[in-house]
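Dear colleague,

Please find below the structure that I am handing over to you. My account of what was found in it follows directly after.

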Amino acid sequence: MITFPNAKINLGLNIVEKRPDGYHNLETVFYPVPVEDALEVNIWNESTQKFRLHQAGLEIAGEAENNLVVKAYKLLDERFNLPPVDIHLFKHIPSGAGLGGGSSDAAYMLKLLNEKFNLKLSDKNLEEYAARLGADCAFFIRNAPTYAEGIGNIFSPISLSLKGYQIVLVKPDIFVSTRDAFAQIKPHRQEIPLKEVIKQPIEEWKERMVNDFEESVFPQFPAIKEIKEKLYQEGAVYAAMTGSGSSVFGLFKPEYNKSVKEDFGEKTFVYQGALK
Ligand SMILES: C[C@@](CO)(OP(=O)(O)O)[C@H](O)COP(=O)(O)OP(=O)(O)OC[C@H]1O[C@@H](n2ccc(N)nc2=O)[C@H](O)[C@@H]1O
Ligand SMILES: Nc1ncnc2c1ncn2[C@@H]1O[C@H](COP(=O)(O)OP(=O)(O)O)[C@@H](O)[C@H]1O
């Protein structure tokens, strides 16, 4: 069985307070983006081992044991004693990019195992398992536009459709540590809460919708800021960094039909497509 875990962007990201446990409460809107990995699982007959992971495409830092698809398998195996599996993961979504690729792989693994082995878990059950694998992981179970608060794990659905808008997603060859990005932030509430800003027409977002991480990340990595400026010069209606970086996205009106790929240099990952 094969499935295609997709990426997400953050539309606005406000870090509102530091919590006693050292983590931060935030407010954001997650929106699915059709940049996809491919994940295939087959039963591994007559094996004494429980799983085997084959990787292709972009490299993922760390051991196979720590891969989130393996963690997802182990989580359900503990409860359901699953058959041994052969896992193939083709990585296309850049890691450490604010695109939630690892979280998506984990959530899609849960959904795939649920279906393949007829585990009869509801979306709510799956979200509970996903939340144990990472804060934003549960978003990918329903994979629909979502307002998130808490540490990014308390969800409410929103009615927002950007269907047909062109997205240009640019990930430079720059690594931003999420931990350091949080450490440099002074948490505060925005004057107009994101929950209100998101209801305004997209043309208004430029003035009002903020990713708080930009303030600390841009001075350190001016090249990321330049990408955002370039996307506005290209005619984006809204552009921003996603997550704690280093990807930047631009949203363009559906009729935008120019390819901007060549403008960002060789080592840069660029995706351009229509939102669903
Ligand atoms: C900020 C977001 C928004 O989408 O960034 P991206 O990962 O998408 O870039 C996420 O909430 C990131 O969540 P996630 O990527 O799971 O972060 P983790 O690896 O769990 O955390 C890395 C470090 O960031 C800090 N951290 C993380 C989440 C949070 N709500 N408060 C924090 O202070 C902690 O110091 C933690 O040790
Ligand atoms: N299947 C996976 N794909 C990507 N990263 C993974 C995966 N499993 C574990 N990781 C680890 O998770 C970290 C964060 O990855 P990811 O979720 O893709 O980025 P981000 O948090 O910036 O959205 C990576 O540095 C990587 O070591």
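Which domains does the domain assignment of the protein give? The assignment gives domain 1, covering residues 2-157, and domain 2, covering residues 166-274. Please bear in mind throughout that this is a predicted model.

**How the domains meet**

The centres of domain 1 and domain 2, taken over C-alpha atoms, are separated by 23 Å. Contact between the two involves 23 residues of domain 1 and 30 residues of domain 2. On the domain 1 side, strand S2 (6-18) and strand S3 (24-36) each supply at least two of the residues that touch domain 2. Strand S2 gives the most, with 10 residues. Sorted by class, this side of domain 1 has 13 nonpolar, seven polar and three charged residues.

**The S2-S3 hairpin and the annotated positions**

Strands S2 and S3 run antiparallel and are joined by 11 bridges. Their hairpin has five residues between the strands, and Gly 22 takes a positive phi near 90° there.

Strand S2 also contains Lys 8, whose bridge partner in S3 is Pro 32. Lys 8 will be of interest to you for a further reason: the UniProt annotation "active site", from an unreviewed entry, covers Lys 8 and Asp 136. These two positions span 129 residues in sequence, but their C-alpha atoms are no more than 9.8 Å apart, so they gather at one spot.

**Helices H1 and H2**

Two packed helices are described by the angle between their axes and the distance between the axes. For helix H1 (residues 68-80) and helix H2 (residues 101-116), the axes come within 8 Å and cross at roughly 35°. The crossing of H1 past H2 is right-handed. H1 makes the contact through Leu 68, Val 69, Lys 71, Ala 72, Tyr 73 and Leu 76, while H2 contributes Gly 102, Ser 103, Asp 105, Ala 106, Met 109, Leu 110 and Leu 113. By class, the contact has nine nonpolar, two polar and two charged residues.

In the loop between H2 and helix H3 (123-131) lies Lys 120. Lys 120 has a positive phi of about 60°, although it is not a glycine.

**The four-stranded sheet**

Strands of a sheet pair through backbone hydrogen bonds, either parallel or antiparallel. One open sheet in this model is formed by four strands in the order S10-S11-S9-S12, with antiparallel pairing. Its edge strands are S10 (238-241) and S12 (269-274), each of which pairs on one side only. On average, neighbouring strands of this sheet are turned by 15° against each other, direction ignored.

S10 pairs with strand S11 (residues 248-252) in the antiparallel sense over four bridges. Within this pairing, Tyr 238 has Leu 251 of S11 as its bridge partner. Helix H9 (residues 222-233) lies across strand S9 (166-171), S10 and S11, and runs at about 170° to S10.

One backbone feature in this part of the chain deserves a look. Where is Ser 246 placed? Ser 246 lies in the loop between S10 and S11, and the peptide bond leading to Ser 246 from Gly 245 is cis, with omega near 5°.

In viewing the model, you may wish to begin with Lys 8 and Asp 136, the positions covered by the "active site" annotation, and then turn to the contact between the two domains, where S2 gives the most residues on the domain 1 side.

With kind regards

Definitions and conventions. Residues are numbered from 1 along each chain as its sequence is written. Chains are lettered from A and ligands numbered from 1 in the order in which they are written. This is a predicted model: local features need pLDDT of at least 70, side-chain atom pairs count only at pLDDT 80 or more; totals for chains, interfaces and linings use all residues. Two strands pair if DSSP finds at least two bridges between them. Axes are lines fitted to C-alpha atoms, for helices over the stretch in contact, and angles run from 0 to 180 degrees between N-to-C directions. Two residues are in contact if their C-beta atoms, placed from the backbone, lie within 7 Å. A crossing is left-handed if the near helix is turned anticlockwise from the far one by less than a right angle, and right-handed if clockwise. Ala, Val, Leu, Ile, Met, Phe, Trp, Tyr, Cys and Pro count as nonpolar, Asp, Glu, Lys and Arg as charged, and the others, Gly among them, as polar. Domain bounds come from an automatic or database domain assignment. UniProt positions are given in the numbering used here, feature names are shortened, and annotations may be inferred rather than shown by experiment.
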